[in-house]
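Let's go through this one together, question by question. Have the sequence and the fold open as we talk.

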Amino acid sequence: DYAVSPTMLLVSPAISVKSAWPLSGPSYGGSRVTLLGVGFSRDNLVCIFQNTSVNARVLNDTSLECTSPMHPIAAVPLKLALEWQVQHGISQRNTSSDILDAGLYFKYYENAAPHSIQPRSGPSQGGTMLQIVGQFDDSFPLVYCKTGEAEPKLASFSNASHIHCPSPNASASFGSHGIFLASLHDNLAKANVRISYNGIDFDSSDTVSFSYYDESRLDNSWIYPTAGPPGTEVHIHGIDFRFSESALCSFAGVAVHAATISAGSLSCMSPESPTDFLVESNLVAVLVSLNGIDFADIHQDYEYTYQPIVHTLVPSQGPAEGGNEVVVFGSNFGSGNHHLCRFGSLTVAAKVVSSQEIVCISPAHLTEAGTFPACR
């Protein structure tokens, strides 16, 4: 025989916590901490940070979320508890049996404080390695940077005052707002750069920002002159260069300073020729950097030229009426289609075979003796 008892017994599945993330956050609180485990399908759970309880938001049976309260900088125990429990009709609140201690600790920290950034601008395709200077806690194993609305990127500590992180592409940084780079001077697209130790909570300052420019505009640039000896002042014309912070020119990998001489023109001096690149040709690629780090190819070569030297010619004599094919051997003949041979006072076009050989046709010459040809 069974008797009906008025006592109510609440039976719940076992609760356990397997992990939580993040396990750190700023001292002003507000970090959304996700706990993973089993048996969370109930509405009376709280998280306890040291001695402060906050309501848990159950996501499903295996995950819930709690928001960290304010707390001084310290590592504090993080526990899960039943806010109330009915046993035999009696409400009990936070007894020791209601608290689940999984051995988790939440570390409160002082937020990162970035002060400056180098370079301050970069191409819209992203990939610029940024150096952020400020006050940081390099005891954390990981550090993150976030540019505009882009997803956080893993950064790295150089020390407690320097962090390096790559810039995302501009479309990611500006998200749904889009990006329009109409001008490289007045309309640079600017995004704030923020730092986080947990990948979720980023510093709220607007101190550090990074500007994007449209590097594809460099495709329409050109150089003048296109040839000359080392030390030639080479002008690069095209886009608006006024905003360039650390402009450089590169001749076959040799970087030199570039000066802004007008809104649409840079000037740089061609360096000593990098001989490793001049074995077969005096032509070298010219690249331009607007921030001192990222270089873009303007798709126009520069030719190193030198005073030509004539060693010998074959044949060394011929009929006065001209028409002889004369092969001139020497050095520094360069390349191109503008070479000339001069026989006395008469000038004829020359065909370049290599930097050490050219061919020209002797002109008719009415003087008593021929003259050794000069080449240029």
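Q: Of the contacts in the protein chain with a separation of 6 or more, what percentage comes from residues 24 or more positions apart?
A: Keep in mind that this is a predicted model. The protein chain has one helix and 34 strands. Among contacts with a separation of 6 or more, the share that belongs to residues 24 or more positions apart is 59%.

Q: What percentage of the residues of the protein chain count as buried?
A: On the outside, the accessible surface comes to about 19,800 Å², with 53% of that belonging to carbon and sulfur atoms. For the inside, we count residues under 20% relative accessible area. Out of 376 residues, the buried ones make up 41%.

Q: Which strand gives the most residues to the largest nonpolar core?
A: That core has 23 residues, and I236, F251 and Y302 have the most contacts inside it. β22 (233–237), β23 (248–251), β26 (265–269), β27 (283–289) and β28 (295–304) each bring at least two residues. The top giver, with four residues, is β28.

Q: Which cysteines does I236 touch, leaving out residues up to four places away in sequence?
A: I236 is one of the residues with the most contacts inside the largest nonpolar core. Its contacts include W222, I223, F241, L266, V288 and I298. Also among them are two cysteines, C249 and C268.

Q: How many residues are in the second, separate core?
A: In general, nonpolar side chains tend to be buried together in soluble globular proteins. Here a second core stands separate from the largest one, and A155, I163, C165 and F210 are included in it. Its residue count is 22.

Q: How many residues of strand β4 are buried?
A: Take the two faces of β4 in turn. On one side L45, C47 and F49 are buried, and on the other V46 and I48 are buried too. For this strand, residues 45–49, the buried count is five of five.

Q: Which residue of β8 is the bridge partner of C47?
A: β4 has an antiparallel pairing with β8 (residues 75–82), made over five bridges. Follow C47 across to β8 and you land on L80.

Q: Which residue in the turn between β4 and β5 has a positive phi?
A: β4 also pairs in the antiparallel sense with β5 (residues 52–55), over four bridges, and I48 stands opposite S53 there. The two strands form a hairpin with two residues between them. The one in the turn with a positive phi, about 60 degrees, is Q50.

Q: To which residue does a disulfide join C47?
A: The whole structure has two disulfides. One runs from C47 in β4 to a cysteine in β7 (residues 63–67), 19 residues apart. At 0% relative accessible area, C47 is buried, and its partner is buried as well, at 1%. With an S to S distance of 2.0 Å, that partner is C66.

Q: What is the handedness of the disulfide of C249 and C268?
A: The sulfur atoms of C249 and C268 lie 2.3 Å apart, and both cysteines are buried. The link spans 19 residues, from β23 to β26. The torsion about the S-S bond is about -90 degrees, so this disulfide is left-handed.

Q: What pattern do the disulfides of the protein chain follow?
A: Count the bonded cysteines along the chain. C47 is joined to C66, and C249 is joined to C268. That gives the pattern 1-2, 3-4.

Methods. Residues are numbered from 1 along each chain as its sequence is written. This is a predicted model: local features need pLDDT of at least 70, side-chain atom pairs count only at pLDDT 80 or more; totals for chains, interfaces and linings use all residues. Side-chain values use heavy atoms; hydrogens and water are left out. A nonpolar core is a set of buried Ala, Val, Leu, Ile, Met, Phe, Trp, Tyr and Cys residues joined through side-chain atoms within 4.5 Å. Buried means under 20% relative accessible area, exposed over 50%, partly exposed in between (1.4 Å probe, protein chains only). Contact means heavy atoms within 4.5 Å. Accessible areas come from the Shrake-Rupley method with a 1.4 Å probe; for residues, only the protein chains shown count as cover. Two strands pair if DSSP finds at least two bridges between them. A disulfide is a pair of cysteine sulfur atoms within 2.5 Å.
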